[in-house]
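Student: I would like to go through the side-chain packing in this model. Can we take it step by step?

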Amino acid sequence: MLKIVLLGSPGSGKGTQSAKLVEEYGVPQISTGDLLRSAVAAQSELGLKAKAAMDAGGLVADEIVVGMIRERLNEPDAEEGFILDGFPRTRAQAEELDELLTELDRPLQCVVHLQVEKEEIVHRLLARGRSDDSEETIRNRFAVFQEQTEPLAAYYEKRGLLKTVKGTGTVDEIFGRIKAAVDSV
Ligand code: AP5
Ligand code: MG
């Protein structure tokens with residue numbers, strides 16, 4: 001059973017490491033970014049609302065992502081655990097998550113904070129080239145991360161849930177560090 005949040009800047013490797021964690025621990029990855037991109041691709045009402053913020057590298061409204069997470073965590077495969085990738089991203093989302101997990105009686109095991117410096121991020125994302133990986137959007141996503149999301153590290157530190165992991169090196173090296181961190185809880 002694994003019940004964790006992966007906290008980290010754009011391009012810090014949340015998606016890459018989630019895939020390996022899914023394989024190792026058999027719990028689903030729940031990525032608000034992936035869920036939102038599917039909604040945009042399907043041109044659903046939710047997707048249409050989210051698209052402008054995503055294209056600009058800003059955040060989609062809290063009530064939209066919280067609603068998505070509530071629905072997703074209530075699906076049967078998340079009963080035994082989950083890897084939250086890219087959620088929460090604001091203080092309000094973190095508080096909603098606490099409430100939801102208390103309701104579900106599935107408290108967080110820990111929060112893994114993947115730390116990567118900005119130059120490496122820009123390098124990785126320009127090489128990837130997703131539609132929100134232009135230089136200007138990357139810069140904005142990073143600024144939004146520093147302002148709204150990074151403070152959550154202190155929020156979780158206060159509760160004794162934070163595990164900080166160096167997010168540079170090979171994918172396998174980083175995975176080893178994450179495993180050591182989550183297995184120690
Ligand atoms: P989201 O999809 O979550 O994007 P992000 O947080 O910006 O992060 P990325 O997916 O770009 O990076 P990642 O950390 O997953 O890294 P990856 O493994 O891909 O969100 C997109 C947008 O949706 C947001 O901007 C926002 O608008 C909206 N949104 C999402 N969640 C929201 C929320 N909760 N509230 C409000 N709005 C929300 O790796 C990146 C690249 O690096 C890849 O090419 C990979 O191959 C490479 N790489 C990975 N590891 C390494 C390594 N060790 N060495 C070298 N390269 C590596
Ligand atoms: Mg991702």
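**Cores and rings**

Tutor: Start with Tyr156, which is buried in this predicted model, with a relative accessible area of 0%.

Student: Which helix gives the most residues to the largest nonpolar core?

Tutor: This core has 30 residues, and Leu73, Leu97, Leu108 and Tyr156 touch the most other members. Several elements each supply at least two residues, among them strand S1 (3–8), helix H5 (91–104) and helix H8 (152–158). The most, six residues, come from H4.

Student: Which residues more than four places away in sequence does Leu108 touch?

Tutor: Leu108 is among the members of the largest core that touch the most others. Leaving out residues up to four places away in sequence, its contacts are Lys3, Ile4, Val5, Phe82, Leu97, Leu101, Tyr156 and Leu161.

Student: How many residues are in the second core?

Tutor: The second core is separate, and includes Leu21, Val27, Ile178 and Val182. Its size is 15 residues.

Student: Is the pair of Tyr155 and Tyr156 stacked or edge-to-face?

Tutor: Tyr155 is buried, at 7% relative accessible area. The ring centres of Tyr155 and Tyr156 are 5.0 Å apart, with 85 degrees between the planes. Planes over 60 degrees apart count as edge-to-face, so the pair of Tyr155 and Tyr156 is edge-to-face.

Student: What is the angle between the planes of Phe142 and Phe145?

Tutor: Both residues lie in helix H7 (residues 135–149), three residues apart. Phe142 counts as buried at 8% relative accessibility, and Phe145 at 7%. Their rings form a tilted pair, 6.4 Å centre to centre, and the angle between the planes is 40 degrees.

Key
Residues are numbered from 1 along each chain as its sequence is written. Chains are lettered from A and ligands numbered from 1 in the order in which they are written. This is a predicted model: local features need pLDDT of at least 70, side-chain atom pairs count only at pLDDT 80 or more; totals for chains, interfaces and linings use all residues. Side-chain values use heavy atoms; hydrogens and water are left out. A nonpolar core is a set of buried Ala, Val, Leu, Ile, Met, Phe, Trp, Tyr and Cys residues joined through side-chain atoms within 4.5 Å. Buried means under 20% relative accessible area, exposed over 50%, partly exposed in between (1.4 Å probe, protein chains only). Helices (H or I, at least four residues) and strands (E, at least two) are DSSP runs, numbered from the N terminus. Contact means heavy atoms within 4.5 Å. Rings of Phe, Tyr and Trp (its six-membered ring) pair if their centres lie within 6.5 Å; planes under 30 degrees apart count as stacked, over 60 as edge-to-face and the rest as tilted.
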